[in-house]
Amino acid sequence: MSTAPTTARLAALARGLSGEGRHDDALAIFEHLLSLAPDDQALRLDEVRALAGKGETLAALGRLSALKVASADPEALLEDIRAQSLPAVERFNAHLAAGELELAETYAAALAELIPQGAPMLGAAFACNKALGRTDAALRYARALIGVDPGHAEARAFLVEHGAREADPSAMIAERMALALSAQADLHPLIRLRDLHDVASQILCRPLTPVGIGQLQTLLAAARALDAPTEPGSEWEGWEKHYRLLMAAVDMAAVQGPTPVAGPEGEIAFRTSAGAPLDWAALRHHADGLGTEAVFFAAADEAYVELYARWYALSVLKYSDVPSLVVIHVIGGLERLAEIAQKVGIDDPRVVFAGDRFDAAAALKTACYDAPPKGLIGKPVAHYQSIRFIRLGALLGCLARPVFVSDIDLILQRGVKDLLERTAPADVVFNENEQSWNAGSRLTANLLQVNPTPNAQRLLAFLRGYLEHALSGAEVTRWIDQMALVLGRHHLTLRGEAPQIAYFDTALDINNVMYPSYQENPFRFLSLFHGFDTSSLEGEAKVLGTGESGH
């Protein structure tokens, strides 16, 4: 006679007892059943839940970690991992607040084991062991922490202090690469894909060497060959798409190859803020007549122009301390430039509008994906973000002055004369976010400065060729413009003539932290970012200097 029905009845009884709060009785039954079927993962999960119900959080975490390692489908455990992590974090915080560091460390360590890619608990375990003087354990957590957050300053400093080889970025990259390429039986393929991306990103965020190029080629080939099946419609499917597109964006043939030759510019129209038409030659003549020393250039679709162009232009007109020209490119707005200029409502010869015949409906044939939970985006966002870089080469060639190209949701708050003097020897000035080790967010696209040099034109020719190719495919990552900047920097370094690259001061020139509304800040350029409360700009004297919203 089969014992399966009896086992099922006993398991159901134990679950019922646990549901009634009789966890000790339930655990006794689960222990007996597991002695008969030690590999039954459903029973092991029931045991975890009973232990948690009894309040034995550490024991529950330990059993869940073991279950995760043994599971053929770790994704199925995500809800239980989340459920058991919450009370563990609460206990960690309570012990920490009470000064009970040793007890706090036990919870941090258990959580770090359960979620080995979780930087917060790895950081907590590292900090606890460092404070407790447990050097070996602190080094172990510092290594793990650097693995998921290569820029973690405290972990890196601790490794340097103790002579650990992980302080050498090349050695660390080689070790991380070996781990990412190894087929670990307990690791979901999606996690491997993410690890391949993370190591590739770390290489791309540093100066590119022949060794690094070889490593990237190996990592990209491994990512292409890796099958990472996920449940359709799940968040994991969204992450698989996200990492696939980021890895596909790493075009090493373009980085190493000849600089593309720009094709015809396409139809572009210009109008002054008063509505007078200009062609390229007239635009140059107009800039000459103004004595222009710097150009401020932004491109956006008509909706964003309506939202932000007025603030953007007025801030430049108010604060730029050198003769300047503001060029606002309305994506797809060629036929309506005069009407759009009128709606923006600035009548000043220093403001010029440009427009093209961009077809948003046609662009939607290229599906644009963001990281989960956003996923597929219903607008051609990647195109909108990239147009400024595609058009920048022609504008720089025409006007032959330094150009600040930026998001349109940005305002100037003080002059740029000192910045122009400091960056005069440079070909290009990037906004580098040194806190990020993801290639898609290392160089922030909210601000770039190019000077009229052959090297700058080489960079812009690369950006145009790379982006036009990427935007013509079936799918594209939303981060393609910033991937283009990272790859373009490498192309310029490899192909340029002694290129001079400078960087904005991210403590004073441009913010890489988000502000939800206007508040005190030290920045020359304030990037408003998506969702900024523009009503907080109204009447704020420090925005336009007088509290005026226009003239």
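**An open nine-stranded sheet and its helices**

In this predicted model, Thr272 has Val352 of E5 as its bridge partner. The pair belongs to the contact between strand E1 (residues 269-272) and strand E5 (residues 351-355), which run antiparallel to each other and share four bridges. Both strands sit in a bigger arrangement: an open sheet of nine strands with mixed pairing, ordered E2-E1-E5-E4-E3-E8-E11-E10-E13. Its edges are strand E2 (277-278) and strand E13 (501-503), each of which has a pairing partner on one side only.

Helices pack on this sheet. Helix H15 (residues 280-290) touches E1, E2, E5 and strand E4 (324-331), and its direction makes about 150 degrees with that of E4. Helix H19 (residues 381-399) also packs on the sheet, with contacts to E4, strand E3 (294-301), strand E8 (403-406) and strand E11 (447-450). Here the angle is taken against E3, and it comes to about 150 degrees.

What about E8 itself? Towards E3, E8 pairs in the parallel sense over four bridges, with Val405 of E8 standing opposite Phe297. Towards E11, the pairing is antiparallel, again over four bridges, and Val403 has Val450 of E11 as its bridge partner. In a regular strand, side chains alternate between the two faces of the sheet. In E8, both faces are covered: Val403 and Val405 are buried on one side, and Phe404 and Ser406 are buried on the other.

H19 has a helical neighbour as well. Packed helices are generally described by the angle and the distance between their axes. The axes of H19 and helix H22 (residues 454-470) come within 9 Å and cross at roughly 145 degrees, and the crossing is left-handed. On the H19 side, the contact is made by Ser386, Phe389, Ile390, Leu392, Gly393, Leu396 and Gly397. H22 brings in Ala456, Gln457, Leu460, Leu463, Arg464, Leu467 and Glu468. Sorted by class, the contact holds eight nonpolar, four polar and two charged residues.

That leaves the cysteines. How many disulfides does the structure hold? The count is zero. A disulfide would be a covalent bond between the sulfur atoms of two cysteines. As for burial, Cys205 has a relative accessible area of 5%, so it counts as buried under the 20% cut-off. Cys398 has 13% relative accessibility, and is therefore buried by that cut-off too.

Notes. Residues are numbered from 1 along each chain as its sequence is written. This is a predicted model: local features need pLDDT of at least 70, side-chain atom pairs count only at pLDDT 80 or more; totals for chains, interfaces and linings use all residues. Side-chain values use heavy atoms; hydrogens and water are left out. Two strands pair if DSSP finds at least two bridges between them. Helices (H or I, at least four residues) and strands (E, at least two) are DSSP runs, numbered from the N terminus. Contact means heavy atoms within 4.5 Å. Axes are lines fitted to C-alpha atoms, for helices over the stretch in contact, and angles run from 0 to 180 degrees between N-to-C directions. A disulfide is a pair of cysteine sulfur atoms within 2.5 Å. Buried means under 20% relative accessible area, exposed over 50%, partly exposed in between (1.4 Å probe, protein chains only). A crossing is left-handed if the near helix is turned anticlockwise from the far one by less than a right angle, and right-handed if clockwise. Ala, Val, Leu, Ile, Met, Phe, Trp, Tyr, Cys and Pro count as nonpolar, Asp, Glu, Lys and Arg as charged, and the others, Gly among them, as polar.
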